[in-house]
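Reader: I am new to this structure and would like a close look at a single part of it. Please take me through that part in connected prose.

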Amino acid sequence: MQLRRLKVILYLVLLMIPGSLVAQRTFSVKKLPPIPDGDGFAGSLAGVSNGALVVAGGSNFPNGGRPWQGSIKKWYDRIFVLESPAGQWKEAGKLPVPLGYSVTVSWKDAVVCVGGSNEKGHVADAFLMRWKKQRIDVEPLPAFPRPVANACGALIGDVLYVAGGLEKPDATQTLRQFYALDLAAPNRMWQQLPVWEGAGRMLSVAAGADNRFYLFSGTDLVPDKTTGAASRVYLTDAHVFDIRTKQWSRLPDLPHPTVAAAGPAVVRNGRIVLVGGDTGEYASQTLTLKDNHPGFSTDILTLPLSGGKWTVQQQFPVAIRPDAASNPNASTYLPVTTPLVPWRGGYVIPGGEARPGTRTPNVLWLN
């Protein structure tokens, strides 16, 4: 009897502890079939349509090229579809133009895509992709108010919110902007909203939950007073926008930057979950490390929706092999500049940038 009473007391104590074992359940990770390209892509457009995982566009340095070798970045228009985790990728058409680094989310039976970039610069185009009858249909949406790439966005109900970004490839300032588009409205129109207190930014991570839009990290640009060349400033601030009061509030700073982390961020068990990202730790050493770069952060950070502080829930289980410099696809990195797509009860990271200049075709499924 006494032992049973102790068990009941222990159970009640665990229920009362914020961040209990239930809330802190860790992720397991497995690989899905890789995207059928030897190099893989960063900045792909991805989401779910009619139950299928759709991954389109993106960029790479073809045939194992690297920027420090003089290779030129190439953008793509190919669309791939995976109908089940145990299936095989199908090539399912082409985007209207080669494109990458758009804001993408899943909405009803469609993948929403806003802005992005290609060889010609940044674009304002927006559209829906739908997988039906074994093909992809594209439906145009109202263009974003200006060309934009490397913005972040999240869906709350039927409304897509988009924050930050960069207007053109050679811009020396990031955008401090915030817009919303009601996808269910009969006459869709972008609505300008108040902006956060803080710097403009690109490559931030967004999340949507409980009538609130969350904005995390990113990088600002600061032009050199002599040369005019822009350098990155890695940000750790976090903000939340209440869509009912249309007011921004400041959240606790992150323990480190999470620039270009896969997004939108996960919301589960009453917590926001940020997966990896670039902390800037090795940013100045890219040309020295080259293919020996260790990859980006493996921290999985969580913040309670009810308030509190950031904690490191776990380390993402990367597996960097001895031959990673010459054979990166055999290793498991936690990529950046890639979407994070809820699918089949888990979250998919479809390729991305494994380390500077190196893409990966590996597709990771977090559960």
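Reader: Which residue is the bridge partner of Val-112 in S10?

Author: The model is a predicted one, and the residue in question is Leu-128, which is the bridge partner of Val-112 in S10. That pair belongs to the contact between two strands: S9, made of residues 110–118, and S10, made of residues 121–132, are joined by 7 bridges. S9 and S10 run antiparallel. In general, strands of a sheet pair through backbone hydrogen bonds, and the pairing may be parallel or antiparallel.

The surroundings of these two strands come next. S9 and S10 belong to an open sheet of 4 strands, in the order S8-S9-S10-S11, with antiparallel pairing. The edges are taken by strand S8 (103–107) and strand S11 (135–141); each has a single partner strand, so one side of each is left without a neighbour in the sheet. Direction ignored, neighbouring strands of this sheet are turned by 25 degrees against each other on average.

Another sheet can be set beside this one. It is an open sheet of 4 strands in the order S16-S17-S20-S21, and its pairing is antiparallel. Here strand S16 (205–209) and strand S21 (247–251) stand at the edges, and because each has a single partner strand, one side of each has no neighbour in the sheet. From one strand to the next, the twist averages 20 degrees. Strand S20, residues 238–242, is joined to S21 by 5 bridges, and S20 and S21 run antiparallel. Opposite Val-240 stands Ser-249 in S21.

Note on methods
Residues are numbered from 1 along each chain as its sequence is written. This is a predicted model: local features need pLDDT of at least 70, side-chain atom pairs count only at pLDDT 80 or more; totals for chains, interfaces and linings use all residues. Side-chain values use heavy atoms; hydrogens and water are left out. Two strands pair if DSSP finds at least two bridges between them. Axes are lines fitted to C-alpha atoms, for helices over the stretch in contact, and angles run from 0 to 180 degrees between N-to-C directions.
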